[in-house]
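Me: I've got a new chain open in the viewer and I'd like to talk it through. Could you take my questions one at a time?

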Amino acid sequence: MDILIKLIVCYGVYRLTFFLHHQKKWGAVKASSTLALIIGVIYQILIENDGTIDQTKHYFLIAMGATFMGMLSNIHQHQRIDFIISTFIFVALYSNTSPYFDGLGGLLGTIACIALLCVFGIERILKKL
């Protein structure tokens, strides 16, 4: 159940950032930072009300990373399968690497970039076949 929630959160925020960036013409940084600010405020409100936020903090971190994916995506990546595959790759990488990189900056952006590069690589390989 935990992995399903992570996938839904990642996909939803990723699509929303992509929508704000490309369809609403907010620009990459404005779309990502606005959503990240909203996510951060919600996180801070929940921390003050509940001290047991350790497990749910991963949902917020995944949402932050998803804003990076939406910011990095280009307009040609508009097929639903691209969003789904990169979401799975992002959540898998985050779930398996986050314990090792605790406290290091740039983890979410790096994982987002790797996930999108994997999808672009898969597309290029499939086009050549």
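Reply: Sure. One term to settle before we start: two residues are in contact when they have heavy atoms within 4.5 Å. Also keep in mind that this is a predicted model.

Me: Okay, the overall layout. How many helices and strands are there in the chain?

Reply: Going along the sequence, the pattern reads α-α-α-α-α. The count is 5 helices and 0 strands.

Me: And what share of the residues is buried?

Reply: Buried here means under 20% relative accessible area. The chain has 129 residues, and the buried share of them is 34%.

Me: Of the contacts between residues at least 6 apart in sequence, what percentage join residues at least 24 apart?

Reply: This one looks at how far along the chain the partners sit. Taking contacts between residues at least 6 apart, the portion joining residues at least 24 apart is 73%.

Me: Let's go inside. Which helix gives the most residues to the largest nonpolar core?

Reply: That core has 23 residues, and Cys10, Tyr14, Met69 and Phe90 have the most contacts inside it. Helices H1 (2-23), H3 (57-72), H4 (80-97) and H5 (107-128) each put in at least two residues. The top contributor, with 7 residues, is H5.

Me: Phe90 is on that list. Which residues does Phe90 contact, leaving aside its neighbours within four places in sequence?

Reply: Phe90 is one of the residues with the most contacts inside the core. With the sequence neighbours set aside, its partners are Cys10, Ile62, Gly65, Ala66, Met69, Leu108, Ile111, Ala112 and Ala115.

Me: Ala112 turns up there. Is Ala112 buried or exposed?

Reply: Ala112 sits in helix H5. Beyond four places in sequence, Ala112 touches Gly65, Phe68, Met69, Leu72 and Phe90. Its C-alpha is 9.5 Å from that of Val91, which is 21 residues away in sequence. The cut-off for buried is under 20% relative accessible area, and Ala112 has 0%, so the word is buried.

Me: Now the helix pairs. How do H1 and H4 pack: roughly parallel, roughly perpendicular or oblique?

Reply: Their axes are 9 Å apart, at an angle of about 130°. Roughly perpendicular covers 65 to 115 degrees and roughly antiparallel starts over 145. The H1 and H4 angle falls in neither range, so the pair is oblique.

Me: What's the handedness of that H1 and H4 crossing, and how many charged residues are in the contact?

Reply: H1 passes H4 in a right-handed crossing. On the H1 side, the contact includes Lys6, Cys10, Tyr14 and Arg15, while residues on the H4 side include Arg80, Phe83, Phe90 and Val91. Sorted by class, there are 11 nonpolar residues and 3 polar ones, and the charged count is 3.

Me: Same sort of thing for H3 and H5. How many charged residues does that contact have?

Reply: The H3 and H5 axes come within 8 Å and cross at roughly 50°, which makes the pair oblique, and the crossing is right-handed. Leu61, Met64, Gly65, Phe68, Met69 and Leu72 of H3 meet Leu108, Gly109, Ala112, Cys113, Ala115 and Leu116 of H5. By class that gives 10 nonpolar and 2 polar residues, and the charged count is none.

Me: A couple of serines next. Is Ser32 buried or exposed?

Reply: Ser32 is in helix H2. Away from its sequence neighbours, Ser32 contacts Thr17, Thr67, Phe68 and Met71. Its relative accessibility is 4%, so Ser32 counts as buried.

Me: And Ser98, which residues does it touch beyond four places in sequence?

Reply: Ser98 lies in the loop between H4 and H5 and is buried, at 13% relative accessible area. Its C-alpha is 9.9 Å from that of Ile111, 13 residues along the chain. The residues Ser98 touches are His58, Leu93 and Leu107.

Me: Last one. What is the phi of Lys25?

Reply: Lys25 is in the loop between H1 and helix H2 (28-49). At 67% relative accessibility, Lys25 counts as exposed. Although Lys25 is not a glycine, its phi is positive, at about 60°.

How values were computed:
Residues are numbered from 1 along each chain as its sequence is written. This is a predicted model: local features need pLDDT of at least 70, side-chain atom pairs count only at pLDDT 80 or more; totals for chains, interfaces and linings use all residues. Side-chain values use heavy atoms; hydrogens and water are left out. A nonpolar core is a set of buried Ala, Val, Leu, Ile, Met, Phe, Trp, Tyr and Cys residues joined through side-chain atoms within 4.5 Å. Buried means under 20% relative accessible area, exposed over 50%, partly exposed in between (1.4 Å probe, protein chains only). Helices (H or I, at least four residues) and strands (E, at least two) are DSSP runs, numbered from the N terminus. Axes are lines fitted to C-alpha atoms, for helices over the stretch in contact, and angles run from 0 to 180 degrees between N-to-C directions. Angles under 35 degrees count as roughly parallel, over 145 as roughly antiparallel, 65 to 115 as roughly perpendicular and the rest as oblique. A crossing is left-handed if the near helix is turned anticlockwise from the far one by less than a right angle, and right-handed if clockwise. Ala, Val, Leu, Ile, Met, Phe, Trp, Tyr, Cys and Pro count as nonpolar, Asp, Glu, Lys and Arg as charged, and the others, Gly among them, as polar.
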